[in-house]
Number of protein chains: 2
Amino acid sequence: MPITQTIALDAMGGDFGPDVVVPGAGLALKENSSLKFLLVGDEKRIAPLLDANPGLKAASTIIHTDVIIANDEKPSVALRNGRDSSMRLAIDAVKNGQAGSVVSGVNTGALMATAKMVLKCLPGITRPAIAGSFPTRDGNILMLDLGANIACDAEILVQFAVLGAVCARAVKGIQNPTVGLLNIGSEEMKGNEQVRAAAAILSNVDFPGKFTGFIEGNDIPMGKVNVVVTDGFTGNVALKVAEGTAALMSHFMKTALKSSPLAMAGGLLAMGGLKKAKRQMDHRYYNGGMFLGLNGICVKSHGGMDAYGFSRAIAVAAGLVEHGYNTRVAMEIEQLMNQESFVSSLAAQMTERA
Amino acid sequence: MPITQTIALDAMGGDFGPDVVVPGAGLALKENSSLKFLLVGDEKRIAPLLDANPGLKAASTIIHTDVIIANDEKPSVALRNGRDSSMRLAIDAVKNGQAGSVVSGVNTGALMATAKMVLKCLPGITRPAIAGSFPTRDGNILMLDLGANIACDAEILVQFAVLGAVCARAVKGIQNPTVGLLNIGSEEMKGNEQVRAAAAILSNVDFPGKFTGFIEGNDIPMGKVNVVVTDGFTGNVALKVAEGTAALMSHFMKTALKSSPLAMAGGLLAMGGLKKAKRQMDHRYYNGGMFLGLNGICVKSHGGMDAYGFSRAIAVAAGLVEHGYNTRVAMEIEQLMNQESFVSSLAAQMTERA
């Protein structure tokens, strides 16, 4: 049975603010009746939306503020001037223990900078990462980092492997998740130095997953591993290329099914089946970028999401709390750092680089 | 009217050797009757295939060799032991002026290492890049580097921009191609140092395209620019993620159209339209990785290609020769290096880094 938990929602974040966040909370509550919400934002806009959903109203508390972080606000400005913003107050609620997690649709940079400053990193974690799920042939795959850290040395990549493996185990129930390092396959070039060094360490240490070596870009949609580890530059490009290619394919398909009366008739007949295919690739289902490695659960919702998409991000946050993600990952990181083989591998890398 | 030109074909490269290369040459000849071929490889296997196509036989010369580079051969081994291999002799034919270009399906690493050693780089080019075309909404887009250079400093990225822009102009007939630098979009992180430095230089110099700034991964399938410039690590991942996602979408679609008798009937009715969509994404059409920046035209065909796919790689090589790609690009690189703004931007970058 799900545990009772409170989630702080930045009601003003994203392109549509409370118009998406409040109904999104309503949908999440339908799926999981043990959720409570702190709705942080403009009471004048939130209250009427709550009145329309008495069940949600009973499960919610409004924390009023007039201050909003614009969706394109620079992280530095958000940090400096955002003290009373809906985003900041929602994060503060996690810091203060009023909520177990926070979900916001503001821009990634502002959210990460503020969450990092307020919540701080878990002991042993140098840098938090953004993790997300992707659709694959037989289910879905977890990838990190999706853009928080551009350049990552081997130690950071190894930390990501732990963050990701614990996430796959805790949230997805995969007992011994396979972990692959994203690399390029050509024989001549065996990838960059960091990736090779990280592979050497991961082959040498005990960690809460099974390191299966390098994978290539096409292995991601194939679902070759449970967790893909990469730096934030590559991960961000991979995420967006996948999104863009899926959109392009949908466009070609839609155009094809409108290209002649016959094709249109066929499309109508096949609609049931095609809708299933559409659901399998529905990016709303996969919404919810997890900020892993922070001392508090923070999930970023895509700014353009609708209520259903936002409810999925809430479910992601609820899952991390329910499975005690942060406690587990802190323990695993501590165990990693206490391993002789980790310390010596790392020292060897350092020496080699010097 | 197309010019008469001779193309050296590594008849033994790729997964199927002459069984794909010879019919592939036949298809290319049908499209462009001014082509001549040097077929390099095992005469016993090539000759019977030529006998089946008298027109192709008349346009072809066999250069016999028994030595074959295995598709998974390491570049260093291919270099050392491959002196009499079909791949090496085909490249030698370009070096010696017997052929204007070479097409091979062996592994990228071995082909690039050998081509680089035999043909050398064009004056002013530090490192050759691999460029390829991708399908987009309204046509196609050129991207480089796809895996030859893992780490690229700003100067290399600027050279890639010139290599790519001249290619788009020469081969695709785009007079003033738009060029974008692949980056990640988050506000907080404005990309890595190299990408930012390259952007600063490209904004400051005259080159044979129009630099439009940064683009993101999803802009590639959208076709936002004509040429995408990135390092070989990111480019290789982007290429493979796009391929994998397209394959995944096709899989979902096929499954959907088999999910019920109604869906199957619809799929049959819509088949004409769906086939068009399939053609638009047909990776065989986009086959042919161009090794740009070498003092000789070299094109890599995907190892698993069929005859149609191989014929497309031949067409790519023929196009580069026909449009005098190497002469044009050498001229443009010289002009770039003579620009005061280029020299001073570069010096400024160097100073900043030091």
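This section describes how two chains of a predicted model are related and joined, and then turns to selected helices and salt bridges.

Two copies of a chain are related by a rotation about an axis and a shift along it. Here, chain A is superposed on chain B by a rotation of 180 degrees with 0.0 Å of shift along the axis, and the RMSD of the superposition is 0.0 Å. This is the relation of a two-fold axis. The same surface is used by both copies, since 100% of the contact residues of chain A recur in chain B. The residue of chain A that comes closest to the rotation axis is Gly266(A), whose C-alpha lies at 1.8 Å.

The interface involves 64 residues of chain A, which are in contact with 64 residues of chain B. About 5500 Å² is buried between chain A and chain B, and carbon and sulfur atoms give 75% of this area. Of the area that chain A buries against chain B, 12% is supplied by Phe233(A), Met249(A) and Phe252(A), more than by any other three residues.

Polar and charged pairs also occur across this interface. Four residue pairs, both members at pLDDT 80 or more, are found in polar contact between chain A and chain B. Six elements of chain A each supply at least two residues of the side that touches chain B: helix H6 (108-119), strand S5 (129-136), helix H9 (219-222), helix H10 (232-256), helix H11 (261-269) and helix H12 (271-280). Among these, H10(A) gives the most, with 20 residues. By residue class, the side of chain A that touches chain B divides into 33 nonpolar, 24 polar and seven charged residues.

Side chains of opposite charge can pair when their charged atoms come close. Two salt bridges are found across the interface of chain A and chain B. In a salt bridge between Lys240(A) and Glu216(B), the distance from N to O is 2.3 Å. Over all chains, the structure holds 18 salt bridges.

Helix H5 of chain A, residues 86-95, is mostly covered, with eight of its 10 residues buried. The buried residues of H5(A) are Ser86(A), Met87(A), Arg88(A), Ala90(A), Ile91(A), Asp92(A), Ala93(A) and Val94(A). They pack against several elements of chain A, namely strand S1 (5-10), strand S2 (35-41), helix H4 (75-81), strand S4 (101-104), H6 and strand S11 (297-300). Just after H5(A), a positive phi of about 85 degrees is taken by Gly97(A).

A salt bridge is also found within this helix, where the side chains of Arg88(A) and Asp92(A) meet at 3.2 Å, N to O. Both Arg88(A) and Asp92(A) are buried. An α-helix has 3.6 residues a turn, so residues three or four places apart point the same way. Arg88(A) and Asp92(A) are separated by about one helical turn because they are four residues apart in helix H5 of chain A.

Other salt bridges pair residues that differ in burial class. On chain B, the side chains of Lys44(B) and Asp42(B) meet in a salt bridge at 3.6 Å, N to O. Lys44(B) is exposed, with a relative accessible area of 63%, whereas Asp42(B) is buried, with a relative accessible area of 14%. On chain A, salt bridges that share partners join Asp282(A), Arg284(A) and Asp306(A) into one network. Within this network, the side chains of Asp282(A) and Arg284(A) meet at 3.0 Å, N to O. Asp282(A) counts as buried because its relative accessibility is 15%, while Arg284(A), at 27% relative accessibility, counts as partly exposed.

A further buried position lies in helix H8 of chain A (residues 193-202), which contains Ala198(A). Ala198(A) has 0% relative accessibility and therefore counts as buried. When its neighbours within four places in sequence are left aside, Ala198(A) is in contact with Ala154(A), Leu157(A), Val158(A) and Leu181(A). The C-alpha atoms of Ala198(A) and Met253(A) are separated by 41 Å, the two residues being 55 residues apart along the chain.

Note on methods: Residues numbered from 1 in each chain as written. Chains lettered and ligands numbered in written order. Predicted model: local features only at pLDDT ≥ 70, side-chain atom pairs only at ≥ 80, totals over all residues. Heavy atoms only, no water. Contact = heavy atoms within 4.5 Å. Buried area = accessible area lost by both parts, 1.4 Å probe. Salt bridge = Lys/Arg side-chain N within 4 Å of Asp/Glu carboxyl O. Polar contact = N/O pair within 3.5 Å; in protein donor to acceptor, adjacent residues only side chain to side chain. Nonpolar A, V, L, I, M, F, W, Y, C, P; charged D, E, K, R; others polar. Buried < 20%, exposed > 50% of the residue type's maximum accessible area, 1.4 Å probe, protein only. Least-squares fit on C-alpha atoms with pLDDT ≥ 70 in both.
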